[in-house]
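Please look over the sequence and the model shown here before reading on. The report that follows takes up the domains, the metal sites and the aromatic rings in turn.

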Amino acid sequence: APGGSWDLADNGAYTVALLADEVFDTGGNAVAADPALAGFTADTVGPPPSFRVEAETFQIVSGFKIKNNNVASGDQYLQAGGNGEQRASYTFSGAEGVYDLNLGYFDENDGQSQMSLLVNGVEVDNFIWNVDAGGKLANNTSFVERTITNVSLSSGDEIEIVGTKDGSEPLRTDYLDFEFVDWLLV
Ligand SMILES: [Ca+2]
Ligand SMILES: [Ca+2]
Ligand SMILES: [Ca+2]
């Protein structure tokens with residue numbers, strides 16, 4: 001391959017040429033040169049681009065309400081609709097692979113909520129909103145991202161966020177970014 005391995009820049013049509021005096025039969029007779037012995041097309045698939053799914057587009061299973069706020073991505077986020085379990089789901093439909101997930105949310109300083117992220121009912125992360133770095137409302141100071149690394153995903157997998165609000169921190173959840181890491185090993 002050009003450069004030693006196949007990559008996107010190498011995609012295209014190739015011709016295999018046989019040079020003179022390079023291939024011989026058992027009697028020592030050279031096979032005639034053939035400038036167009038064979039051809040093939042290289043069609044390497046590149047990594048899928050990163051993409052964002054707004055939390056407010058998740059299907060609400062219990063609790064969560066959609067709130068408007070122009071500090072949020074997409075001008076909306078999910079927010080706890082009361083005490084008890086808040087749950088929302090998203091059905092993954094991207095390319096099969098390993099992804100880093102970046103959850104954008106507002107970790108306010110007036111509560112320490114709890115959230116889990118599940119894939120097909122299996123918990124892949126569970127964390128307390130205890131960054132508490134900024135203010136007590138949704139704004140630039142309270143906004144944080146949590147990265148959940150190396151999550152294997154296939155089309156049709158159900159991703160769920162499940163949490164419980166605490167104090168005056170109502171679990172304001174903004175988005176989930178999907179960053180492709182690698183293809184799934186088969
Ligand atoms: Ca907090
Ligand atoms: Ca608050
Ligand atoms: Ca949002």
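## Domains and conventions

What distance separates the centres of domain 1 and domain 2, taken over C-alpha atoms? The separation is 53 Å, with domain 1 covering residues 2-42 and domain 2 covering residues 51-182, where the bounds come from an automatic or database domain assignment.

This is a predicted model, in which local features need pLDDT of at least 70 and side-chain atom pairs count only at pLDDT 80 or more, while totals for chains, interfaces and linings use all residues. Residues are numbered from 1 along each chain as its sequence is written, chains are lettered from A and ligands numbered from 1 in the order in which they are written, and side-chain values use heavy atoms, with hydrogens and water left out.

## The calcium ion (ligand 1)

The calcium ion (ligand 1) has as its protein donors D107 (OD), E108 (O), G111 (O), W129 (O), D132 (OD) and E169 (OE), at 2.2 to 2.4 Å; donors are N, O and S atoms within 2.8 Å of the metal, or 3.2 Å for Na, K and Ca, and water is not among the atoms, so sites may look incomplete. The angles among the 6 donor atoms run from 76 to 171 degrees, and the site is octahedral, a term that for six donors requires opposite donors over 155 degrees apart and all others between 65 and 115.

Two of these donors, D107 in the loop between β8 (97-106) and β9 (114-119) and W129 in the loop between β10 (122-128) and β11 (143-153), link distant parts of the chain, 22 residues apart; strands are DSSP runs of E with at least two residues, numbered from the N terminus. Both D107 and W129 are buried, that is, under 20% relative accessible area, whereas exposed means over 50% and partly exposed lies in between, with a 1.4 Å probe and protein chains only.

## The calcium ion (ligand 2)

The calcium ion (ligand 2) is coordinated at 2.2 to 2.6 Å by E108 (OE), two OD entries of D110, K136 (O) and S168 (O). D110 lies in the loop between β8 and β9 and S168 in the loop between β12 (158-164) and β13 (173-182), so this pair ties together parts 58 residues apart in sequence. D110 is partly exposed, at 25% relative accessibility.

## Aromatic rings

The structure holds 17 aromatic pairs, counted when ring centres of Phe, Tyr or Trp (its six-membered ring) lie within 6.5 Å, with planes under 30 degrees apart called stacked, over 60 edge-to-face and the rest tilted. One of them is the edge-to-face pair of W6 and F40, at 6.1 Å centre to centre and 85 degrees between the planes.

Technical notes: Tetrahedral: all angles 85-135°; square planar, octahedral: opposite > 155°, others 65-115°. Helix = DSSP H or I, 4+ residues; strand = E, 2+ residues; numbered from the N terminus.
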